[in-house]
Amino acid sequence: MKQACLLLTAITALSLPALAQDANVATIELKPSANPSTPLAYEKTELAVKAGQKIKLTLNNTGGILPQPHNFLLLKPGKLDAVGALANAMLADPQGMAKSYIPEAAKPDILANTKLVQPNSSETIEFTAPAEAGDYPYICTFPGHWMLMRGVMHVTK
């Protein structure tokens, strides 16, 4: 009995840091807009996280006005237009859909991304927020979407 109590105490002690760590995870759900006036937009256009925070982001492609594929790309500051232009160029790529419309040349500027998520599906990714505070743009690169389907992740210290 004494050994069982010691074992239970040891397991509990080892589990506490993991439980405390889970409390520091930012859980974010992102969906396409259900507003008819903004059919090509994310439901949330601003997200706030702490620098270096663990993030669990789910792109839930349900409830949008126009059921179509979407993705999520978190970009380095100042790279929105460059990555968007590369995404536009993928319209001519017959493998664009298979590549989830994520431009290979943009990979150094992409901090986190989902694959292309079909309507009524979702994908969850886990990543660490950038260590530097700042405003990090996020976009959908399905053809034609990035001009409107975008937002900013505010990273604070």
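**Exercise 1. Strand pairing around β3**

In which sense, and over how many bridges, do β3 and β6 pair?

*Solution.* The structure is a predicted model, in which local features need pLDDT of at least 70 and side-chain atom pairs count only at pLDDT 80 or more, whereas totals for chains, interfaces and linings use all residues. Residues are numbered from 1 along each chain as its sequence is written, and side-chain values use heavy atoms, with hydrogens and water left out.

Step 1. Fix the terms: helices (H or I, at least four residues) and strands (E, at least two) are DSSP runs numbered from the N terminus, and two strands pair if DSSP finds at least two bridges between them.

Step 2. β3 and β6 are antiparallel and are joined by 8 bridges. Within this pairing, L59 has E123 of β6 as its bridge partner.

Step 3. β1 and β3 run parallel, with 5 bridges between them. Here E29 is bridged to T58 of β3.

Step 4. Of the 8 residues of β3, 6 are buried (under 20% relative accessible area; exposed is over 50% and partly exposed lies in between, with a 1.4 Å probe and protein chains only).

**Exercise 2. The nonpolar cores**

Determine which residues have the most contacts inside the largest nonpolar core, and which strands supply it.

*Solution.* Step 1. A nonpolar core is a set of buried Ala, Val, Leu, Ile, Met, Phe, Trp, Tyr and Cys residues joined through side-chain atoms within 4.5 Å.

Step 2. The largest such core comprises 26 residues, and I55, F72 and M153 have the most contacts inside it. At least two residues of this core come from each of β1 (26-30), β2 (46-50), β3 (54-61), β6 (121-128), β7 (134-139) and β8 (150-156).

Step 3. Leaving aside residues up to four places away in sequence, M153 is in contact (heavy atoms within 4.5 Å) with residues including I28, L47, I55, F127 and Y136.

Step 4. Another core lies apart from the largest one; it has 9 residues, among them L73, L80, V83 and I102. In soluble globular proteins, nonpolar side chains tend to be buried together.

**Exercise 3. The two sides of α2**

Establish which residues of helix α2 are buried, and how they are arranged about its axis.

*Solution.* Step 1. In α2, which spans residues 80-89, the buried residues are L80, V83, G84 and A87.

Step 2. Viewed down the helix axis, the buried residues of α2 fall within an arc of 100° (taken from the directions from the axis to the C-beta atoms), so they line one face of the helix. An α-helix has 3.6 residues a turn, so residues three or four places apart point the same way.

Step 3. The buried residues of α2 pack against β4 (73-75), β7 and β8. On the other side of α2, D81 and A89 are exposed.

**Exercise 4. Three loop residues**

Decide whether S100, N120 and H145 are buried or exposed.

*Solution.* Step 1. S100 lies in the loop between α2 and β5 (110-113); its relative accessibility of 9% makes it buried. S100 has a positive phi of about 60°, although it is not a glycine.

Step 2. N120 belongs to the loop between β5 and β6 and is exposed, with a relative accessible area of 66%. N120, also not a glycine, has a positive phi of about 65°. Most residues other than glycine have a negative phi.

Step 3. H145, in the loop between β7 and β8, is buried at 2% relative accessibility. Beyond residues up to four places away in sequence, H145 touches L40, Q68, P69, H70 and C140.
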